[in-house]
Amino acid sequence: MTQTGDVIIIGGGIHGASLAFHLTRKGIKPIVLEKDFIASGATGRSSGLVRMHYDLEPESRLAWISFNYFRHWTDVVGGESGFRRTGFLQFVKPEAIENLKANIIMHQRIGIPSFLITGDDVGRLAPSFYREDIELAAYEPESGYAEPSICTSSFLEAAREKGAQLVQNCKVNKINLSGDRVTGVGTSLGEFSAPVVVNAAGAWAGKIASMVGLDFPLDTWQHDTMFIRRPDALRYDHPTVIDFPNSMYFRPETGGLTLVGLEDDNPIGESPESDSETAKPGFVERAIDRICIRIPGMDQGSLQSSHGGYDGITPDQRAILGSAGPEGFYLECGFSGTGFKIAPAVGACMAELIVDGDAQTADIKPFNPQRFTEGEMLVGDHSYENIWR
Ligand SMILES: Cc1cc2nc3c(=O)[nH]c(=O)nc-3n(C[C@H](O)[C@H](O)[C@H](O)COP(=O)(O)OP(=O)(O)OC[C@H]3O[C@@H](n4cnc5c(N)ncnc54)[C@H](O)[C@@H]3O)c2cc1C
């Protein structure tokens with residue numbers, strides 16, 4: 001028997017969950033279809049960084065609006081987010097200092113607590129850091145990290161309380177059309193019908209788009225991270241950091257751990273079904289070398305664990321948000337390794353676009369799916385170039 005909903009969302013990651021939550025706040029009853037279990041894709045592997053520092057204003061705006069959810073999660077969504085304030089530092093190479101300054105001015109203009117600080121200030125915030133190469137840095141005292149799987153389940157729990165349906169172990173195999181409109185999907189558990197279908201399938205989004213004949217430049221991106229146990233001498237937490245000079249980011253984790261990820265050598269185009277239970281050979285050694293450059297005392301640390309994950313990536317490394325192809329088909333994908341922290345605002349905007357025809361919470365037009373064919377790739381006014389190299 002065909003099950004019917006107002007909207008079908010393909011994917012039970014943070015984006016499918018946020019959209020479901022926001023749709024139910026507008027009286028819409030979506031069905032979320034997830035081929036495995038919730039947060040089994042990029043979301044469950046995400047490092048969870050929550051910061052507003054981007055070189056593209058529309059992204060900073062989405063992150064800033066989302067920050068209000070992380071800061072007040074229990075009141076706004078219900079349940080928990082695991083948000084932890086650690087402070088955030090952005091380090092750039094000397095040639096990018098003028099862009100760093102300009103981006104901080106942009107952040108301050110839109111209300112983000114973001115400051116230019118000196119290398120000596122960095123030393124006061126993080127005495128264990130090597131900082132001879134840091135003349136100036138950006139500092140966001142309110143930022144930190146949250147727990148992506150917990151955020152996903154609390155979004156979905158709140159959505160289900162208001163009539164959303166979640167179906168796990170349900171793989172979408174085809175999208176049904178009548179003329180030039182979507183009518184539903186065919187799945188491993190049978191047929192589901194709805195006048196709107198949303199592609200929130202993360203690293204699988206290119207495959208879903210091709211089911212309606214769309215050929216988007218949506219690829220897959222693989223990314224490894226590791227947890228290192230800090231030695232006793234470094235037991236106090238440090239801020240969360242993006243460290244462009246060392247092509248690395250890192251943040252503290254409870255239990256005296258530090259999570260480390262690298263910005264280079266993240267393979268593009270692999271199957272998202274590939275093994276990602278452990279990191280690729282050589283990653284851990286490279287990541288240890290880098291973290292020991294920034295925190296020399298880490299050479300006394302020990303490896304706790306490592307793993308990988310897959311996200312969807314676009315040529316300008318920014319999301320695809322909007323409608324394309326048959327009427328009723330929407331895309332909320334292509335988050336290019338940075339989509340967790342903006343998920344609350346993106347879900348609000350996409351719900352507005354689907355229900356009201358236009359997003360009010362923020363301007364998501366720059367992320368329109370047509371930009372690639374129209375040659376309007378997104379680039380920051382004071383760009384740091386692509387984050388993933
Ligand atoms: C290792 C790693 C670290 C990251 N760190 C950060 C970070 O620190 N900060 C940040 O902001 N972002 C980070 N990201 C990026 C962020 O995690 C992702 O952008 C975000 O989680 C994407 O969410 P999503 O819901 O779009 O995709 P996903 O979480 O991948 O969810 C998509 C879901 O769709 C399901 N699906 C796919 N095909 C089908 C189908 N045919 N039928 C039914 N279901 C289907 C999948 O099983 C999956 O669960 C990181 C990503 C990775 C991989």
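Analyst: Two strands count as a pair if DSSP finds at least two bridges between them. The model discussed here is predicted.

User: What makes strands E5 and E9 a pair?

Analyst: Pairing requires at least two bridges. Two bridges join E5 to strand E9 (residues 144-145), and the two strands run antiparallel, so the requirement is met. Within this pairing, Arg-84 has Tyr-145 of E9 as its bridge partner.

User: Why are E4 and E5 said to stand at the edges of their sheet?

Analyst: The sheet is open, with three strands in the order E4-E9-E5 and antiparallel pairing. Strand E4 (49-50) and strand E5 (84-85) each have a single partner strand, so one side of each has no neighbour in the sheet.

User: Why is Arg-251 called buried?

Analyst: A residue is buried under 20% relative accessible area. Arg-251 has 3% relative accessibility and therefore counts as buried. Its place is in strand E17 (residues 248-253).

User: What makes the approach of the Arg-251 side chain to the side chain of Glu-253 a polar contact?

Analyst: The cut-off for a pair of N or O atoms is 3.5 Å. The contact between the side chains of Arg-251 and Glu-253 is at 3.0 Å, so the distance satisfies that cut-off. A polar atom of the Arg-251 side chain also lies 2.7 Å from the backbone oxygen of Ser-47.

User: Which residues are in contact with Arg-251, leaving aside neighbours within four places in sequence?

Analyst: They are Ser-47, Leu-49, Tyr-145, His-238, Thr-240, Leu-257, Thr-258 and Leu-259. Tyr-145, the bridge partner of Arg-84, is thus one of the residues in contact with Arg-251.

User: How do you know that the length of helix H9 agrees with its number of residues?

Analyst: The expected span is 1.5 Å times one less than the number of residues. For the twelve residues of H9 (residues 283-294) this should give 16 Å, and the end C-alpha atoms are 17 Å apart, which agrees. Buried residues of H9 are Phe-283, Val-284, Ala-287, Arg-290, Ile-291, Cys-292 and Arg-294. The elements against which the buried residues of H9 pack include strand E15 (219-229), E17 and strand E19 (302-313).

User: What makes a set of residues a nonpolar core, and how many residues has the largest one?

Analyst: The members must be buried residues of nonpolar kinds such as Leu and Ile, joined through side-chain atoms within 4.5 Å. The largest such core has 55 residues, and Leu-62 and Ile-364 have the most contacts inside it. Among the elements giving two or more residues to this core are helix H3 (57-71) and helix H10 (343-356). H10 supplies the largest share, nine residues. Domain 1 (3-45 + 149-218 + 316-372) and domain 2 (88-141) each contribute at least three residues to this core. Not counting residues up to four places away in sequence, Ile-364 touches Leu-62, Leu-321, Cys-349, Met-350, Leu-353 and Ala-359. Another core, of 30 residues, lies apart from the largest one and includes Ile-31, Trp-204, Ala-209 and Phe-372.

User: How many residues of domain 1 and of domain 3 take part in the contact between them?

Analyst: The domain assignment gives domain 3 as 221-309. The C-alpha centres of domain 1 and domain 3 lie 30 Å apart. Their contact takes five residues from domain 1 and eight residues from domain 3.

Key
Residues are numbered from 1 along each chain as its sequence is written. This is a predicted model: local features need pLDDT of at least 70, side-chain atom pairs count only at pLDDT 80 or more; totals for chains, interfaces and linings use all residues. Side-chain values use heavy atoms; hydrogens and water are left out. Helices (H or I, at least four residues) and strands (E, at least two) are DSSP runs, numbered from the N terminus. Buried means under 20% relative accessible area, exposed over 50%, partly exposed in between (1.4 Å probe, protein chains only). A polar contact is a pair of N or O atoms within 3.5 Å; within protein, one must be able to donate a hydrogen and the other to accept it, and residues adjacent in sequence count only if both atoms are side-chain atoms. Contact means heavy atoms within 4.5 Å. Domain bounds come from an automatic or database domain assignment.
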